[in-house]
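Biologist: I would like to learn how to read a model like this one. Please take me through it feature by feature.

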Amino acid sequence: MSGMKPSQSIPDFEEINSPEFLEMLLAKGPTGQRAFARMVQGTHDRFLGFIRRQLPSQEECLEVLQEVYLAVHKGLPGFAGKSKLTTWIYSLAHHKICDRIADRDRGHKELTESREGSRSTENAGTDRWSGITSWDAPPDRLMARNAVEGLIGKAVEALPGPAREVYRLRDLEGLSGEEAAEILGITPENVRVQLHRARRQIVDWVQEKMAGVRNAKEPQAGGRGSET
Amino acid sequence: MSGLFYKVTYPCDKVRDFMYDYLDGNLPTVTAIRFHLHLNGCAQCREYLFLYKKAANAKEFRKEHPAPDALLASTLGFLEKEGVTGPEDDAPEEPFPKGNP
């Protein structure tokens, strides 16, 4: 067990986004430090969840989370308060994640056998999300609870980049269109368009898979089977 | 389904494109009526709407596993080492300002 102990009450997002809390965070000395620690306690789970839905390893997630909080600390004096504090932190986290993914992709290109790895990940997905309970389960699969929901989780992975980012922020993290637009540097209208597109692609993908399962369960019903 | 049905309502693809505004409650009344008329007669679009809602409400069914305490301790320890947060030991309780100044 660590020496950490909970201090005061853990603030929720609403409290963290209040001007009073920002004032505490900006205070010098122990007051600011304590406020920062409370802010970490109040946001830790949520941002870790956001990061781990996109990065595979627990170790990497923790590193990114720590980098994010360091960046928050460094950037706080310049934080103008134009957006919510938590939106700004999401934005920092988003950029850190993008950097990590870009670094990894660069690394993958150098490794000629990388495709074998991704193939085995694909195959692992056919077990219908069963038994996914561990903290470090693969990113989007953490959302699975039943077959349809599991398929939706898998469909998210299949979305093209921009639509996936919008979908994650809006429908998985529950941010508003304006917040997502700010984080991604696009217009709210663009968020709306991308989100609708993402949802439709997810539904199309899920329906396709469901049709495949149905067809597999009802072979030769129409006499079109080629077996025997 | 008769041709009249499709004249009074919308084609499937259009109905599916309205689903975003429908969930947001932003469909104009007449459009909403035609939208519902279509849904009443079209099982495929009902299924599509069911899945669309599921996709839009992913936050509700997403599995969230609280991070182990050790991870929070590790983060706080790291930040303390970086001088971002102070030691948590016996810091005096400080009333947090709330409400009126």
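Modeller: What follows goes from confidence to helix contacts and then to single residues. This is a predicted model.

Biologist: Where do I start with a predicted model, and what is the mean pLDDT of chain A?

Modeller: Start with confidence. Where pLDDT is low, the predicted coordinates should not be read in detail. For chain A the mean pLDDT is 78, and 75% of the residues reach 70 or more.

Biologist: Which elements of chain A have the lowest and the highest mean pLDDT?

Modeller: Helix H6 of chain A, residues 114-124, has the lowest mean, 43, and helix H9 of chain A, residues 177-184, has the highest, 94.

Biologist: Over which residues of chain A does pLDDT stay under 50?

Modeller: One such stretch is residues 114-144 of chain A, for which the model has 63 contacts beyond four places in sequence. Residues 1-6 of chain A also stay under 50, and for them the model has 8 contacts beyond four places in sequence. The general caution applies here: coordinates with low pLDDT should not be read in detail.

Biologist: Now chain B. How many helices and strands does it have?

Modeller: Chain B has 7 helices and 0 strands. Along the sequence, the pattern reads α-α-α-α-α-α-α. Of the 101 residues in chain B, 38% are buried. Among contacts in chain B with a separation of 6 or more, 59% join residues 24 or more positions apart.

Biologist: How do I read a pair of helices, and at what angle do H4(A) and H7(B) cross?

Modeller: Take the distance between the axes, then the crossing angle, then the residues that meet. The axes of helix H4 of chain A (residues 58-75) and helix H7 of chain B (residues 69-81) come within 10 Å and cross at roughly 40 degrees. H4(A) is therefore oblique to H7(B), and the crossing is right-handed.

Biologist: Which residues of H4(A) and H7(B) meet?

Modeller: From H4(A) they are A:Gln58, A:Leu62, A:Leu65, A:Gln66, A:Tyr69 and A:Leu70, and from H7(B) they are B:Leu71, B:Ser74, B:Thr75, B:Phe78 and B:Leu79. Sorted by class, this contact of H4(A) with H7(B) has 7 nonpolar, 4 polar and no charged residues.

Biologist: H7(B) also has helix H3 of chain A beside it in your list. How do the axes of H3(A) and H7(B) cross?

Modeller: The axes of helix H3 of chain A (residues 30-52) and H7(B) come within 10 Å and cross at roughly 135 degrees. H3(A) is therefore oblique to H7(B), and H3(A) passes H7(B) in a right-handed crossing. On the H3(A) side the contact is made by A:Phe36, A:Ala37, A:Val40, A:Gln41, A:His44 and A:Leu48, and on the H7(B) side by B:Leu71, B:Leu72, B:Thr75, B:Leu76 and B:Leu79. By class, the contact of H3(A) with H7(B) has 8 nonpolar, 3 polar and no charged residues.

Biologist: What about a pair within one chain: at what angle do H2(A) and H3(A) cross?

Modeller: The axes of helix H2 of chain A (residues 19-26) and H3(A) come within 6 Å and cross at roughly 125 degrees. This makes H2(A) oblique to H3(A). A:Phe21, A:Met24 and A:Leu25 in H2(A) meet A:Thr31, A:Gly32, A:Ala35, A:Phe36, A:Arg38 and A:Met39 in H3(A). The classes in the contact of H2(A) with H3(A) are 6 nonpolar, 2 polar and 1 charged.

Biologist: Single residues next. Is A:Gly32 buried or exposed?

Modeller: Judge burial by relative accessible area, with under 20% as the cut-off. A:Gly32 lies in helix H3 of chain A and is buried because its relative accessible area is 6%. Leaving out residues up to four places away in sequence, A:Gly32 touches A:Met24, A:Leu25 and A:Ala27. A:Gly32 and A:Leu22 are 10 residues apart along the chain, with 9.3 Å between their C-alpha atoms.

Biologist: Why does A:Ala37 count as buried?

Modeller: A:Ala37, also found in helix H3 of chain A, counts as buried because its relative accessibility is 3%. A:Ala37 and A:Leu25 are 12 residues apart in sequence and 9.4 Å apart in space, C-alpha to C-alpha.

Biologist: And a charged residue: why does A:Glu179 count as buried?

Modeller: The relative accessibility of A:Glu179 is 12%, so A:Glu179 counts as buried. A:Glu179 lies in helix H9 of chain A. Beyond its neighbours within four places in sequence, A:Glu179 is in contact with A:Lys84 and A:Thr87.

Technical notes
Residues are numbered from 1 along each chain as its sequence is written. Chains are lettered from A and ligands numbered from 1 in the order in which they are written. This is a predicted model: local features need pLDDT of at least 70, side-chain atom pairs count only at pLDDT 80 or more; totals for chains, interfaces and linings use all residues. Side-chain values use heavy atoms; hydrogens and water are left out. pLDDT is the predictor's confidence in each residue, from 0 to 100. Helices (H or I, at least four residues) and strands (E, at least two) are DSSP runs, numbered from the N terminus. Contact means heavy atoms within 4.5 Å. Axes are lines fitted to C-alpha atoms, for helices over the stretch in contact, and angles run from 0 to 180 degrees between N-to-C directions. Angles under 35 degrees count as roughly parallel, over 145 as roughly antiparallel, 65 to 115 as roughly perpendicular and the rest as oblique. A crossing is left-handed if the near helix is turned anticlockwise from the far one by less than a right angle, and right-handed if clockwise. Ala, Val, Leu, Ile, Met, Phe, Trp, Tyr, Cys and Pro count as nonpolar, Asp, Glu, Lys and Arg as charged, and the others, Gly among them, as polar. Buried means under 20% relative accessible area, exposed over 50%, partly exposed in between (1.4 Å probe, protein chains only).
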